[in-house]
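Reader: I'd like to go through this one by asking about side chains. Could you take me through them?

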Amino acid sequence: MGHDEYQVHEAKILTPSFIVLLTLTLIGFALIALRFIKGIGAVSNMSDGYPWGIWITYDVATGTAIACGGYAMAILIYIRNRMHYHPMIRSAILTSMFGYGLAGFSVMVDVGRPWNAYNFFVPSKWQVNSAMFEVAVCVMAYTTVLIMEFLPAILTTLEKTEWKTLQHMLDLVYGRLGMERPERIGDRLDKVKELAAWARPRLDKVLIFIIVLGITLPTMHQSSLGSLLLIASTKLHPLWHTGFLPLLFLINCMYIGYSIAILESVLSCYAFKRPFETKELSGLARIIPFLTVIWLCVVIGDLAWRGQLGKALSFDFYSRFFLLEFCLIACGSLLLFSKRKRESVRWLFVSAALIVLGGALYRFNVYLIGFNPGKGWHYFPALAEVMITVGIVAFEILGYQVLVKILPVLPKLHTREQHAAGHPMGEKA
Amino acid sequence: MGKPSRRQFLKIMGATGAALLAGKKAAVANEGHKINNETIGMLYDATKCVGCKACMSACKRVNGDYGSLSYERAKFDTDGLWDAPEDLSGSTRTLIKLFKQSEQEWSYVKYSCMHCQKPSCVSVCPVAAMTRDPETGIVDYNKNTCIGCRYCQVACAYNIPKFQWDRAIPQIVKCDLCKNTNLPKKGISACAEVCPAGAIMFGKRKDLLEEAEKRLRENPGKYINHIYGANELGGTNHLYLASMQFNKLGLPTLKDEAPAEFSEKIQHTIYKGFIAPVALYSTLCFIALKNMKKHGGEEGGHDTNTDKGGHH
């Protein structure tokens, strides 16, 4: 795959939204510091009845599904052989990398004894019966894989860079100290450039095996995220507790992945004032209804088989959340069956948003809303708890915004026009 | 172009579904689990309990340092004079509660870890910090390996493992039958040792069951005709006799199958011998390489074109 498909988005980094996101990030991180000093109880409303709050439900269970854009795009491009989507993969991988990296980070905030986490690398401590073990190992491996998948973008930048900013800064520092900048720093920087130039083609050769690993690992751990709740047979409401949880979570992350790829593209084109990628997106949008229809059929079939359809239509607390989740996904998919709506950016955005909301609500239903540990237990997230999650999400968007402005991530505009025009020489002529 | 790969993709999806279905069927059969009656436990007879709470204070005295249990203040107790736990918590491993049906009818009930024969907490712990001793049947917790993920709390149907929410260095807290304290010294758990009313009997599960059956036989009117824990969730080593419906005493009505059997069967079916993930990876590699090769030719063409363009 060529590296000329991507370009750095040339724009100012210090924008008003940067300041807002930075503020939210700092608030979040200050509260995280408080959590480590005074204990989890000081910042959260979690309890012995609800030991998992929104950190696990949103940051991990839902956040990693939303970060499945990279996974969904990789399936489409490399397995279903739609190489013409290739220009879209880097921004999908970048958001996946942030999503998973920060999910891992928020797990370290959530667990009570993070300093013992090294036990995941001690074979004698492995507990292979635990779905959590599978999720943890897979997520760590996948985050590493994502970084390697993103490495080409960093390496090409390192190769081409002249280190102007860094040299300028170094000169400034040494100038203050009243010294000349030593020669060896320049040599070292050249070494890095050489190393990057040496590594990139070699990485390119094995990259496909890493990419395929990046498809296998999410298939494993996204289904295991569903398996996590299999054991809570007495606590999870029968509308959601089923042996099909792993399968439902797997399909769920795929349609969320494609929908989020659409949302992300529309939003970043809007924010960065680039032309909308309507043609690619309407192609993506065609896949989603196939997945959602399979998912909805499994849900209904399973409920009917277990004799729970009555509960689904009883309009009590649980039934309402179930129906809301069901309708959001069904309506979103229904819109995408129409070719005309698929070709309108507005409708694409609306339907993808409905499906992401419905798919995310499904995960909230399984992890929190449908979870009832017994009489006397209540949970609603505390403000500080929410702000930590907000801070982590803000950091995610912030990182994306900054990285697309210093690394070649977004699809190159003129190659896209070439694709659209149908003849690659067109632009040069 | 995309068709054969899509078919293969759907095949993989189908295989996952089939594996899950197989797992579901296998789980219903529930054959693997057998109750071991040679392990040790306790029989709590609610009709004998006088609610003196000697067991509670003995538990804190004996295990205070080991489990770093602290005293719990009541809201009215501003001077912090009394240990007044409202429920099991990160500071309390066992607790006596009084349930009142009416002014005349009431019953005490003791809460602590049930020491399941097939414990959910052990099944879900990712780093084996929760363990069940196959000899004694004691379900124990090791703070030195625990990462504090609290999956054990999510999994336990009795809501027994508790977490120290107010501490920077928290632990999971639950009864371990005095495994490291009173049991090696005196051969009996502290609560059973101090009980003045004989409400707690300590011993082998088979002896406890025999005694419980004898009491039910000899006093048919006195008890609800059920030994709680004999079969609940695959059997527990903490057994209960009471004169009132167990669910009213805060002991949930549960099925006989252990939830861990169900979840482990599905997880094991998917990951058996790691065959499915390896098969998935190699199939995907095969498809991806084929697609890359197919596309490689076209890509080469593109590249030469752009190169030429560059020279102009």
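Reader: Is Lys273(A) buried or exposed, and what is its relative accessible area?

Author: A word on the basics: this is a predicted model, where local features need pLDDT of at least 70, side-chain atom pairs count only at pLDDT 80 or more, and totals for chains, interfaces and linings use all residues. Residues are numbered from 1 along each chain as its sequence is written, chains are lettered from A and ligands numbered from 1 in the order in which they are written, and side-chain values use heavy atoms, with hydrogens and water left out. Buried means under 20% relative accessible area, exposed over 50%, and partly exposed in between (1.4 Å probe, protein chains only). By that yardstick Lys273(A) is exposed, with a relative accessible area of 76%.

Reader: Where is Lys273(A) placed, and what is its phi near?

Author: Helices (H or I, at least four residues) and strands (E, at least two) are DSSP runs, numbered from the N terminus. Lys273(A) belongs to the loop between α8 (245-271) and α9 (278-305) of chain A. Its phi is positive in a residue other than glycine, near 55 degrees.

Reader: And Asn81(A), is that one buried or exposed?

Author: Asn81(A) sits in the loop between α3 (69-79) and α4 of chain A. Its phi is positive too, near 60 degrees. With a relative accessibility of 3%, Asn81(A) counts as buried.

Reader: On to rings: how are Phe29(A) and Phe105(A) paired?

Author: There are 23 aromatic pairs over all chains. Rings of Phe, Tyr and Trp (its six-membered ring) pair if their centres lie within 6.5 Å; planes under 30 degrees apart count as stacked, over 60 as edge-to-face and the rest as tilted. For Phe29(A) and Phe105(A) the centres are 5.6 Å apart and the planes are at 25 degrees, so the pair is stacked.

Reader: Which parts of chain A does that pair tie together, and how many residues apart are they?

Author: Phe29(A) is partly exposed at 30% relative accessible area, and Phe105(A) is partly exposed at 31%. Phe29(A) comes from helix α1 (residues 16-38) and Phe105(A) from helix α4 (residues 89-110), so the pair ties together parts of chain A whose separation in sequence is 76 residues.

Reader: What kind of aromatic pair do Phe317(A) and Tyr318(A) form?

Author: Phe317(A) is partly exposed at 46% relative accessible area, whereas Tyr318(A) is buried at 17%. Their ring centres are 5.2 Å apart with 85 degrees between the planes, and the pair is edge-to-face.

Reader: Which residue of chain B is part of the aromatic cluster with Trp52(A)?

Author: The cluster takes in Trp52(A), Phe249(A), Tyr255(A), Trp295(A), Tyr362(A) and Tyr367(A). The chain B member is Tyr151(B).

Reader: Which backbone oxygen does the side chain of Arg150(B) reach?

Author: Arg150(B) is in the loop between β5 (139-141) and α4 (151-155) of chain B, and at 1% relative accessibility it counts as buried. It also lies over the face of Phe163(B), 5.0 Å from the ring centre (the cut-offs: NZ of Lys or CZ of Arg within 6 Å of the ring centre and within 35 degrees of the ring normal). At 2.9 Å, its side chain reaches the backbone oxygen of Pro51(A).

Reader: Which residue does Asp45(B) form a salt bridge with?

Author: Side chains of opposite charge can pair when their charged atoms come close. A salt bridge is a side-chain nitrogen of Lys or Arg within 4 Å of a carboxyl oxygen of Asp or Glu, and the structure holds 17 over all chains. Asp45(B), in strand β1 (residues 40-45) of chain B, is 170 residues apart from its partner in helix α7 (residues 205-218). With the closest N and O atoms 2.9 Å apart, that partner is Arg215(B).

Reader: Which residues join Asp45(B) and Arg215(B) in one salt-bridge network?

Author: Asp45(B) and Arg215(B) are both buried. In helix α7 of chain B, Glu211(B) and Lys214(B) are 3 residues apart, about one turn of the helix, and their side chains meet in a salt bridge at 3.9 Å, N to O. Through shared partners, the network with Asp45(B) and Arg215(B) also holds Glu211(B) and Lys214(B).

Notes: A polar contact is a pair of N or O atoms within 3.5 Å; within protein, one must be able to donate a hydrogen and the other to accept it, and residues adjacent in sequence count only if both atoms are side-chain atoms.
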